[in-house]
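This report is written for a reader meeting the structure for the first time. It treats one residue, then a group of paired charges, and then the packing of helices.

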Amino acid sequence: MSDSRRQKAARIRSLLETEGDAVFENTTTFNDGRYESVEKLDDYEGLKARARAIKEDAIANLPDLVEAVTETVEANGGTVYLAEDEADAQRYIAEVVEDRDADSVVKSKSMTSEEIEINDHLQSRGVDVWETDLGEFVLQVADEAPSHIVAPAIHRSRENIAELFDAHFDTDAPLETAEDLTEFAREYLAERIKDADVGMTGANFVTADTGTIALVTSEGNARKSVATTDTHVAVAGVEKVVPSLGDLQPFVELIGRSGTGQDITAYVSLLTPPVGTPVPDFDDDETPLAEAGPDRDYHLVLIDNGRMAMRDDDDLRETLYCIRCSACANSCANFQHVGGHAFGGETYSGGIATGWEAGVHGEDSAAEFNDLCTGCSRCVNQCPVEIDIPWINTVVRDRINRGADPDTFDFLVEGLTPDEEPAGLDVQKRFFGNFETAAKLGSATAPLSNWVMDAGPVRSALERFVGVDSRRDLPTFERETFREWFATRGPRVDPADAAREVVLYPDVYTNYVSTARGKAAVRALEALDVHVTVPAVGESGRAPLSQGMVSTAGEKASRVYGALAEHVDAGRDVVVVEPSDLAMFAREYERLLPERSHERLAEQSYEVMEYVYGLLENGGDPDALATGNEAVAYHSHCQQRTLGLAAHTVAVLEQLGHDVVTSDVECCGMAGSFGYKQEYYDLSMDVGDELATQFTTDETRDRTVVASGTSCLEQLDSLLQRVPTHPVELVAPR
């Protein structure tokens, strides 16, 4: 194990122990709240589509919108400054503070101001800067970075914050309850707000037509920061500008629900600065407030810092649609267990952080945590503006791979690998990205290969040089592949008598490792009068794509489509056993194949239990399948859920007489190669512990364990004493 892998593993173990419980409790509470809240909406998907369309239009016309909002704000009496980068923004804001001769600045929470590190810059110039958001205040006291976009101190428990405050402040009595802590912070910060010369806020949105800034918050500190000082500096990325006040409606509906599961946050402030409220003088208790001067200075600092380049980048552009709600983080199983101090860069955290960090800080800032995205795609459906976050992560991973030092890898090995990647690619990524090659060799030499791979010296070498954790069982390769079995056996339903014709896609695991599920799929389909063909076709590209090897994945996608095109042309349905490969056909191939090729393959591809369900719904005879009354504990694959296919398996099993209990955990934790990697093994098992707990209750401990995905089956095999099986093996006639 390399030093960097050892250090990363140790860091993850430390965060699991110190911050994991608090992060899990808070993110899952937010997540559960989101499910309940969006359920109340009449047209959640329609609202998301509207929000997406507004952002697409706004980013496409961003230069015009920046020009428009500049004219509007200046007409209102304010000033707009377009900051080129972090240093430019720091310089301008510092000049505003110095012109005001300010000693103290109060801030409401703003990730963009975190991005430009304005606190450190002003403090280095002798200015006191106070965070007035409770979570940010906690972090300021602790001298820590945020671990979550919306809830920056999510990794700290109430008890932990109480210890921090008691150690830092000289309080009259120990602070114990949430009320104690909140009251202390409120009173402490009220004094700082009264004494402040400048108030600084972020902006969730800025409207070009009125110059209005929208602040969506859970506390009233933003309003206080604006109203009690005569100088207001609003800091926002240029992507926050939307055309009009009317465009805010879908975002206001979505942002609270998506982030914290609230129907609406406690404060939705629409301010059109300079605000007209009088500026209070806390030292003058004689003059009525109404007689105080309304003169205010307002500066809107719009920050580029790489965003315009992201706008021109076909793969990073979608990042600019982000409304910073954190739904992607809250729905991510890995984030739920380690939080943003592992799953984040210099500023941003969670799934979308890769795009932000790569765009505003550079790919190096994203490299450290980018692999924590397993590509399970659960965040895609949770994002209120429908950003394909896993694809952004994959593209950035590819760019990081290609930026690796070629001298760190042996060119001879590079020349021997069947991929399209450059020298310097991490050997671990290259190994997992070329798993099909290992599977071919392992199968051709089985059972010797299985014995050798399990031998201690080989496992030690795999762990040391490739980073394959020796605690994880390796796949056992079959000598006779699934395709060889089918070629010898042949189809049992004549095309002339068949209800349907199917080409069964032999994914790598089904072909070389789990041949039983392939054989079961053939028997089940033939029992329902389907003519089956098993073509000679290679890996879908899922394995290299998961390592960020985009060119290799594209080359494999082209080969797969080439092998399946004649069947698609002939009107045969493509049936897939492995859900992640079906997800490739349905989603990722859109990025890898010509549009029409992707559409044709996606339209005619089905998951095997989805297909069995369809056959039964259209007159198929259930008595032709294996019926039974087994008690089943079923776990659906992440991407199967994203595609909306989980219910089909349950429906088929129940129709055939089984009593089914399903898991409701976000993820099993294995997620393909992720769980094999030594630096992530402990996190993988920690995530999987939830599933193990659900399947070892009084109700579930004696049930037959069933799962659809390869990674889920492997993880369940590691977590439980029972050997799991694929659902098609339950329903196929013997």
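In this predicted model, Asp659 has a relative accessibility of 43% and therefore counts as partly exposed. The residue belongs to strand 16, which covers residues 659-662. Although Asp659 and Asn629 are 30 residues apart in sequence, their C-alpha atoms are 6.6 Å apart in space. When neighbours within four places in sequence are set aside, Asp659 is in contact with Glu630, Ala631, Val632 and Arg703.

## Salt bridges

Side chains of opposite charge can pair when their charged atoms come close. The count for this model comes to 46 salt bridges. Three of them are described here, and the table gives the N to O distance of each pair.

| Pair | N to O distance |
|---|---|
| Lys48 and Glu45 | 3.5 Å |
| Glu421 and Arg402 | 3.2 Å |
| Arg542 and Glu588 | 3.4 Å |

The pair Lys48 and Glu45 lies within helix 3 (residues 44-60), where the two residues are three apart and thus separated by about one helical turn. An α-helix has 3.6 residues a turn, so residues three or four places apart point the same way. How buried or exposed are the two partners, Lys48 and Glu45? Lys48 has 2% relative accessibility and counts as buried, whereas Glu45, at 48%, counts as partly exposed.

The salt bridge between Glu421 and Arg402 joins separate elements. Glu421 lies in the loop between helix 20 (411-416) and helix 21 (427-433), and Arg402 lies in helix 19 (residues 389-402), so the pair ties together parts that are 19 residues apart in sequence. With a relative accessibility of 5%, Glu421 counts as buried. Arg402, at 35%, counts as partly exposed.

The third pair is formed by Arg542 and Glu588. Arg542 is part of helix 28 (residues 542-546) and Glu588 is part of helix 30 (residues 579-592), so this salt bridge ties together parts that are 46 residues apart in sequence. Both Arg542 and Glu588 are buried. Elsewhere, salt bridges with shared partners join Arg52, Glu56, Glu318, Asp388 and Arg591 into one network.

## Helix crossings

Helix 8 (residues 134-142) and helix 9 (residues 158-168) have axes that come within 10 Å and cross at roughly 55°. Helix 8 is therefore oblique to helix 9. The crossing of these two helices is left-handed. On the side of helix 8 the contact is made by Phe137, Val138, Val141 and Ala142, and on the side of helix 9 by Ile161, Leu164, Phe165 and His168. The residues of this contact comprise seven nonpolar, one polar and no charged.

A crossing is also found between helix 29 (residues 550-569) and helix 31 (residues 595-603), whose axes come within 10 Å and cross at roughly 60°. This crossing is left-handed. Here Tyr561, Leu564, Val568 and Asp569 of helix 29 meet Ser597, Arg600 and Leu601 of helix 31. By kind, the residues of the contact are four nonpolar, one polar and two charged.

The axes of helix 2 (residues 20-39) and helix 12 (residues 248-260) come within 6 Å and cross at roughly 140°, which means that helix 2 is oblique to helix 12. Which residues of helix 2 and helix 12 meet? Phe30, Arg34, Ser37 and Val38 come from helix 2, and Arg257, Ser258, Gly259 and Thr260 come from helix 12. The contact of helix 2 with helix 12 contains two nonpolar, four polar and two charged residues.

## An enclosed helix

Why is helix 36 largely enclosed by the rest of the structure? Eight of the ten residues of helix 36 (residues 710-719) are buried, so the helix is largely enclosed. The buried residues are Thr710, Ser711, Cys712, Leu713, Glu714, Gln715, Leu716 and Leu719. These buried residues of helix 36 pack against three helices and two strands, namely helix 26 (508-512), helix 27 (515-527), helix 35 (681-694), strand 15 (631-635) and strand 17 (704-707).

Notes:
Residues are numbered from 1 along each chain as its sequence is written. This is a predicted model: local features need pLDDT of at least 70, side-chain atom pairs count only at pLDDT 80 or more; totals for chains, interfaces and linings use all residues. Side-chain values use heavy atoms; hydrogens and water are left out. Axes are lines fitted to C-alpha atoms, for helices over the stretch in contact, and angles run from 0 to 180 degrees between N-to-C directions. Helices (H or I, at least four residues) and strands (E, at least two) are DSSP runs, numbered from the N terminus. A crossing is left-handed if the near helix is turned anticlockwise from the far one by less than a right angle, and right-handed if clockwise. Contact means heavy atoms within 4.5 Å. Ala, Val, Leu, Ile, Met, Phe, Trp, Tyr, Cys and Pro count as nonpolar, Asp, Glu, Lys and Arg as charged, and the others, Gly among them, as polar. A salt bridge is a side-chain nitrogen of Lys or Arg within 4 Å of a carboxyl oxygen of Asp or Glu. Buried means under 20% relative accessible area, exposed over 50%, partly exposed in between (1.4 Å probe, protein chains only). Angles under 35 degrees count as roughly parallel, over 145 as roughly antiparallel, 65 to 115 as roughly perpendicular and the rest as oblique.
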